[in-house]
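Good morning, colleagues. Please take a moment to look over the structure on the screen before I begin.

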Amino acid sequence: MSLPTAPAPSLEVSGLAYAYPDGHQALFGVDLTVARGERVAVLGPNGAGKTTLVLHLNGILDAGAGTVRVAGLPVEKRHLAEIRRRVGIVFQDPDDQLFMPTVREDVAFGPAAAGLRGAELEERVMTALKQVGMEAYATRPPHHLSFGQRRRVAVATVLAMEPEILVLDEPSSNLDPASRRELADILRSLDVTVLMVTHDLPYALELCPRAVILSDGVIAADDRTQDLLCDDELMREHRLELPFGFDPRSVVVPLT
Ligand SMILES: Nc1ncnc2c1ncn2[C@@H]1O[C@H](COP(=O)(O)OP(=O)(O)OP(=O)(O)O)[C@@H](O)[C@H]1O
Ligand SMILES: [Mg+2]
């Protein structure tokens with residue numbers, strides 16, 4: 001009799017290296033494992049390779065060396081359709097994500113491609129738009145919305161897929177404080193694995209019990225977010241700066 005096996009981690013990145021076609025090497029052997037249900041922040045200065053890492057998680061970029069697995073499934077051409085159902089990426093720039101004539105069609109695009117139709121599709125779209133408070137904008141063209149509104153719609157396009165892992169590249173940038181908090185509430189309420197790239201260190205502390213620092217294309221630290229933010233030397237070494245007056249030592253971190 002075989003013992004029940006633990007579920008595969010949501011994400012397993014191993015020895016991932018990548019050079020862009022112009023020869024610029026951005027990743028130099030990244031190792032990162034994220035268990036199901038974890039929320040992990042990816043911190044690091046501009047140009048560290050964070051977005052490059054994100055673009056490997058659903059096969060937009062092909063690993064130069066090393067492997068990426070999502071729920072045990074290798075990110076390879078033959079699995080891409082399945083991988084893209086499981087990994088929802090909210091891109092750094094919402095304009096990379098929204099390309100349909102209306103908000104509704106943008107949010108419906110992924111679930112429709114996955115086979116949803118009719119009332120079921122409509123319900124999925126409206127639920128996702130309600131989650132981000134954009135249901136009143138369903139018939140508007142995305143390019144008529146403000147940047148923050150487009151970001152919220154971009155989040156809805158991904159929520160509508162009900163992914164197993166949600167990857168967000170700078171989700172709080174350009175959101176007003178209320179929208180930023182509402183997005184935090186959404187992320188906390190979902191039963192998904194979250195990988196969140198952010199320069200917003202208080203946001204990382206609030207949402208992600210664990211954080212990694214990506215610096216010069218490698219994982220330079222991997223620890224409790226609060227411990228990382230309290231390590232002044234480590235923070236300085238990787239150009240991470242806390243906002244004026246913010247003391248991570250005094251924050252009581254939420255349990256979930
Ligand atoms: N298309 C490209 N061709 C060549 N080099 C690139 C390309 N895109 C990014 N790079 C380089 O790869 C490195 C990593 O870039 P990346 O966008 O992953 O950084 P990042 O950590 O996401 O930065 P930021 O915090 O500014 O978003 C940088 O040095 C960047 O100049
Ligand atoms: Mg980036």
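**Cores, ring pairs and cysteines**

The largest nonpolar core of this chain has 47 residues, and those with the most contacts inside it are Leu-43, Val-107, Leu-129, Leu-166 and Met-196. I should say at once that this is a predicted model. Which element gives the most to this core? It is helix α5, residues 147-159, with 6 residues.

Let me take Leu-43 as an example. Leaving aside its neighbours within four places in sequence, Leu-43 is in contact with several leucines, namely Leu-201, Leu-214, Leu-229 and Leu-240. Its other contacts under this condition are Lys-50, Thr-198, Ala-204, Ala-211, Val-212 and Ile-213. There is also a second core, separate from the one just described, with 31 residues, among them Val-13, Val-30, Ala-71 and Val-75.

I turn now to the aromatic rings. How many aromatic pairs does the model contain? The count comes to 2. One of them joins Tyr-18 and Tyr-20 in an edge-to-face arrangement, 5.0 Å centre to centre and with 90 degrees between the planes. Tyr-18 is buried, at a relative accessible area of 10%, whereas Tyr-20 is partly exposed, at 28%.

Phe-99 and Phe-109 form a pair as well: their ring centres are 5.1 Å apart and their planes stand at 80 degrees. Why is this pair called edge-to-face? Because planes over 60 degrees apart count as edge-to-face, and the angle here is 80 degrees. The pair links distant parts of the chain, 10 residues apart: Phe-99 lies in the loop between β6 (87-90) and α3 (103-113), and Phe-109 lies in helix α3 itself. As for accessibility, Phe-99 is exposed, with a relative accessible area of 53%, while Phe-109 is partly exposed, with 43%.

My last topic is the cysteines. A disulfide, in general, is a covalent bond between the sulfur atoms of two cysteines. In this model the count of disulfides comes to 0. For Cys-208, the nearest cysteine sulfur belongs to Cys-230 and is 16 Å away. Why does Cys-230 form no bond with Cys-208? The sulfur of Cys-208 is the closest cysteine sulfur to that of Cys-230, yet at 16 Å it is too far for a bond, since a disulfide needs the sulfur atoms within 2.5 Å. Are these two cysteines buried or partly exposed? Cys-208 is buried, with a relative accessible area of 1%, and Cys-230 is partly exposed, with 23%.

Note on methods:
Residues are numbered from 1 along each chain as its sequence is written. Chains are lettered from A and ligands numbered from 1 in the order in which they are written. This is a predicted model: local features need pLDDT of at least 70, side-chain atom pairs count only at pLDDT 80 or more; totals for chains, interfaces and linings use all residues. Side-chain values use heavy atoms; hydrogens and water are left out. Rings of Phe, Tyr and Trp (its six-membered ring) pair if their centres lie within 6.5 Å; planes under 30 degrees apart count as stacked, over 60 as edge-to-face and the rest as tilted. Buried means under 20% relative accessible area, exposed over 50%, partly exposed in between (1.4 Å probe, protein chains only). Helices (H or I, at least four residues) and strands (E, at least two) are DSSP runs, numbered from the N terminus. A nonpolar core is a set of buried Ala, Val, Leu, Ile, Met, Phe, Trp, Tyr and Cys residues joined through side-chain atoms within 4.5 Å. Contact means heavy atoms within 4.5 Å.
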